[in-house]
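Biologist: Could you take me closely through the surroundings of a single residue in this predicted model, and then work outwards to the elements that enclose it?

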Amino acid sequence: MAETEDVSSLWRDDLVAFVIGCSFSFESALMDGGIDVRNISENHNVPMYITNIDTNPAGIFSGKLVVSMRPIPSFQIPQVVTITEKVPQVHGSPVHIGNLSAIGIKDISIPDFGEASTIREGELPVFWACGVTPQSVVMNSKPDFCITHAPGHMFITDLLEKDFRN
């Protein structure tokens, strides 16, 4: 598996590109709402976990849902849901709150991608569908060829996050 910053030499006319949303896209909306976004305040990549939740298969492609996690004080969870549900194009509402074992996470301190965030007393882990899910699917499906982003390094556009808010 090679890594490169320029894939133009690998591109062929028979390839198809997909742009997949990223939960980083709603972080500024959370901060605008007075929510501490722990991966930002601790200056590290968001923790991401491979769950036990199957994606819907498509041809040879299948795998598990990956989620990103942000610890949120219990009293702010309704506000976080309200803020993120307004950006459904970039992951929308959380897919799970709390109980790790229900989604197959054994140890919150050991993410599959990114770095662990501190969870303080009175906070719950809140999980959103993650744009790293395609990597989980690729790792499971093992296609002959694939170009994808690395966790935390995604597509950049001139569209602003605020443009996606409903």
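**The surroundings of T84**

Modeller: Leaving aside its neighbours within four places in sequence, T84 is in contact with F26, L30, G92, S93, P94 and W128. The residue belongs to helix α3, which covers residues 77–84, and T84 is buried, since its relative accessible area is 0%, where under 20% counts as buried. Its side chain also has a polar atom that lies 2.9 Å from the backbone oxygen of V80, a residue that is itself in the list of buried positions of α3, alongside I77, I83 and T84. Seen down the axis of the helix, these buried residues fall within an arc of 120°, and they therefore line one face of α3.

What that face packs against can be stated element by element: the buried residues of α3 pack against α1 (27–32), β2 (64–73), β3 (96–97) and β4 (123–129). V80 shows this from the point of view of one side chain, for, leaving aside neighbours within four places in sequence, V80 is in contact with L30, I35, I72 and W128. L30 and W128 are thus among the contacts of V80, and they are also among those of T84.

The largest nonpolar core of the model has 13 residues, and those with the most contacts inside it are L30, I35, I72 and V80. The elements that give two or more residues to this core are α1, α3 and β4, and α3 gives the most, with three residues. Apart from this core lies another, of eight residues, which includes Y49, L65, I105 and F127.

Turning to the strands, β2 is one of the elements against which the buried residues of α3 pack, and nine of the ten residues of β2 are buried, so this strand is largely enclosed by the rest of the structure. Strand β1 (residues 48–54) is joined to β2 by four bridges, and the two run antiparallel; in this pairing Y49 has V67 of β2 as its bridge partner. Between β2 and β4 there are seven bridges, again in an antiparallel arrangement, and here P71 is partnered by P125 of β4. β4 therefore appears in two settings, as a strand joined to β2 by bridges and as one of the elements that give two or more residues to the largest nonpolar core.

Conventions
Residues are numbered from 1 along each chain as its sequence is written. This is a predicted model: local features need pLDDT of at least 70, side-chain atom pairs count only at pLDDT 80 or more; totals for chains, interfaces and linings use all residues. Side-chain values use heavy atoms; hydrogens and water are left out. Buried means under 20% relative accessible area, exposed over 50%, partly exposed in between (1.4 Å probe, protein chains only). A polar contact is a pair of N or O atoms within 3.5 Å; within protein, one must be able to donate a hydrogen and the other to accept it, and residues adjacent in sequence count only if both atoms are side-chain atoms. Contact means heavy atoms within 4.5 Å. The arc is that of the directions from the helix axis to the C-beta atoms. Two strands pair if DSSP finds at least two bridges between them. A nonpolar core is a set of buried Ala, Val, Leu, Ile, Met, Phe, Trp, Tyr and Cys residues joined through side-chain atoms within 4.5 Å.
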